Amino acid sequence: MGLPALEFSDCCLDSPHFRETLKSHEAELDKTNKFIKELIKDGKSLIVALKNLSTAKRKFADSLNEFKFQCIGDAETDDEMCIARSLQEFATVLRNLEDERIRMIENASEVLITPLEKFRKEQIGAAKEAKKKYDKETEKYCGILEKHLNLSSKKKETQLQEADSQVDIVRQHFYEVSLEYVFKVQEVQERKMFEFVEPLLAFLQGLFTFYHHGYELAKDFGDFKTQLTISIQNTRNRFEGTRSEVESLMKKMKENPLEHKTISPYTMEGYLYVQEKRHFGTSWVKHYCTYQRDSKQITMVPFDQKSGGKGGEDESVTLKSCTRRKTDSIEKRFCFDVEAVDRPGVITMQALSEEDRRLWMEAMDGREPVYNSNKDSQSEGTAQLDSIGFSIIKKCIHAVETRGINEQGLYRIVGVNSRVQKLLSVLMDPKTASETETDICAEWEIKTITSALKTYLRMLPGPLMMYQFQRSFIKAAKLENQETRVSEIHSLVHRLPEKNRQMLQLLMNHLANVANNHKQNLMTVANLGVVFGPTLLRPQEETVAAIMDIKFQNIVIEILIENHEKIFNTVPDVPLTNAQLHLLRKKSSDSKPPSCSERPLTLFHAVQSTEKQEQRNSIINSSLESVSSNANSILNSSSSLQPNMNCSDPDLDVVKPTRPNSLPPNPSPTSPLSPSWPMFSAPSSPMPTSSTSSDSSPVRPEEAVHGDSSTPFRKAKALYACKAEHDSELSFTAGTVFDNVHPSQEPGWLEGTLNGKTGLIPENYVEFL
């Protein structure tokens, strides 16, 4: 029910009903006034709270922006880079949102607080002033009227007329004041309908603008949010695999820590207590010591794990002799004495145990360093890349693609181990191999077949993509440009042995078919990378750092699956020979000789029978038909440069092979792509036609690799300088002559003697004399 209207005609009568109606209007104005006062107070509190909220969010955004993710390893995946960048993206969104909030807060005072205060002061305040004046005139009129009515009728007529006239004037003035008051009250009541509500609407509009800006920011953020969600899921999937690998390594280290020691550049290292003489006697100070056998350098770093810091300066001495201390000659156990060339007196050291002392003594006596090479976690088994091996893989793939291509979790869900081993024993048995030549029986579950395929690949003597190429594949996956990654991996795949590449092609074609059905089997390319990365590209040395690189192994498999047609069906660009690279390179002042740290991989092939070798040669020749013109031009230019091959120019770019920890078979010397000049390079570069006679030509590769029965050890001269990176390698300059040079068991390396020291020499750095 609304307020009754105030009629101007009632002002003259001034009836009780008029007064009651007027009071109801006045009460409404008082209520409106109090409400506006509270609203202004709450609005100011809201603005302060919004400012505090904005300040807190800005501080939160600054904290996000300042934090930088530090990932394990020397490179990050695209997913990790996306996640690392996410905090800065979050901070940018929050800052943009708070900028709009500040604009809204600044406008709030102008569009809400100021208009409300103005309405309350100017309109409601004016109505209150009019009420005061109305009440005052009412009191004055009523007083004069009562006084006038009390006049005696016996007064003179002139006095009575004067009193009547005065009363009329006061009545007229009261009537005018009453009309003005009623007008003001009704005006304020009408004004509040728009002057009070309009500021609230403007404030809400500012809020809507702020929220709309947030909506627009959310739309702009949508693409990155989708990408980030995928990256988080991929990283979580990789974490699960990495965590299980690290946990497995931790358990192995707990069971037998000595068997999984990391290969160290030092002959021996560890904590020793060194006896030091003080003014008040002697004390035993804990040091972390390292010993290098070649240089006989002992480095002692005072360090205590409890304090967490170094206790003094490092000290290095050259070993002269090392003697075991007898138990009865000193109160301490596990002690031995060390004499140094450049320090007088004897240094007494205490090992941590009898076994630890024995290892230190062996190392310092000049014996070979004790290394516990990490063994492959998988059994050697009898798995080979032979006809039976290819048959097993093809049967498994056929069974999967015909019976279980749409099974969810394909290759991720593992089969029962006993069933898997039983299936493998059936497939690998030569006696029963012919009976299962066509298909695997339907009694075998798909998860058993997929597990058998993965297990067979892990049972190979080495990973399918080979230990010596593992670092190069990882390095390629760490490249920033996707096209460069694919190109580098393309080149590396074609440096694999033929059978390895054929098996890898067979597998990648199959995995591409699996990925094409990912809507049914839920196995995307990323999921398949997680499953097959550690199987096909596992490192030889099992360390935490290697496990952290599993994510890059997965990326390599993803690239192989996504680009399998290009990688396996096309030949990569034929690289220029070393001579052509030397001819095309512009010499500059900053040019330097090839370093042993620059270790591009070369291709080595197992020794094959004549029949298999001829088949291998025909395959290579057919694969190079598409680039025959380029190859011919390279051959011609290489022939012209042949006389300079044996020079010692340090600017000549020579490929130095990577020396893997495993020992694969010797390289094939009969490949048609082997160079005619005497070096053990990979058969990946074209073979120039030798123009010299057999009498004057250098030693043939066959003789160099296998040796002459009458002269198994030969002299050789260095063509280029090389600095050793490992204890087992020799450092030398161009022109150095080596004695007793003969093939090493490590592919791409020779073994020779220099100044009484025997070590490894890159085979393509020397020529035989």
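The turns below ask why certain labels apply to residues of this predicted model.

Reader: What sort of model is this, and how are residues numbered?
Author: The model is predicted, so local features need pLDDT of at least 70 and side-chain atom pairs count only at pLDDT 80 or more, while totals for chains, interfaces and linings use all residues. Residues are numbered from 1 along each chain as its sequence is written, and side-chain values use heavy atoms, leaving out hydrogens and water.

Reader: Why is His564 called buried?
Author: Buried means under 20% relative accessible area, exposed over 50%, and partly exposed in between (1.4 Å probe, protein chains only). His564 has 15%, so His564 is buried.

Reader: Why does Phe69 count as partly exposed?
Author: Phe69 has 36% relative accessibility, which lies between the two limits, so Phe69 is partly exposed.

Reader: What makes Phe67 and Phe69 an edge-to-face pair?
Author: Rings of Phe, Tyr and Trp (its six-membered ring) pair if their centres lie within 6.5 Å; planes under 30 degrees apart count as stacked, over 60 as edge-to-face and the rest as tilted. Here the centres are 5.4 Å apart and the planes stand at 85°, so the pair is edge-to-face.

Reader: Why are Tyr411 and Phe532 called edge-to-face?
Author: Their ring centres lie 5.1 Å apart and their planes are at 65°, so this pair is edge-to-face.

Reader: How do you know that Tyr411 is buried?
Author: Its relative accessible area is 1%, so Tyr411 is buried. Phe532, at 0%, also counts as buried.
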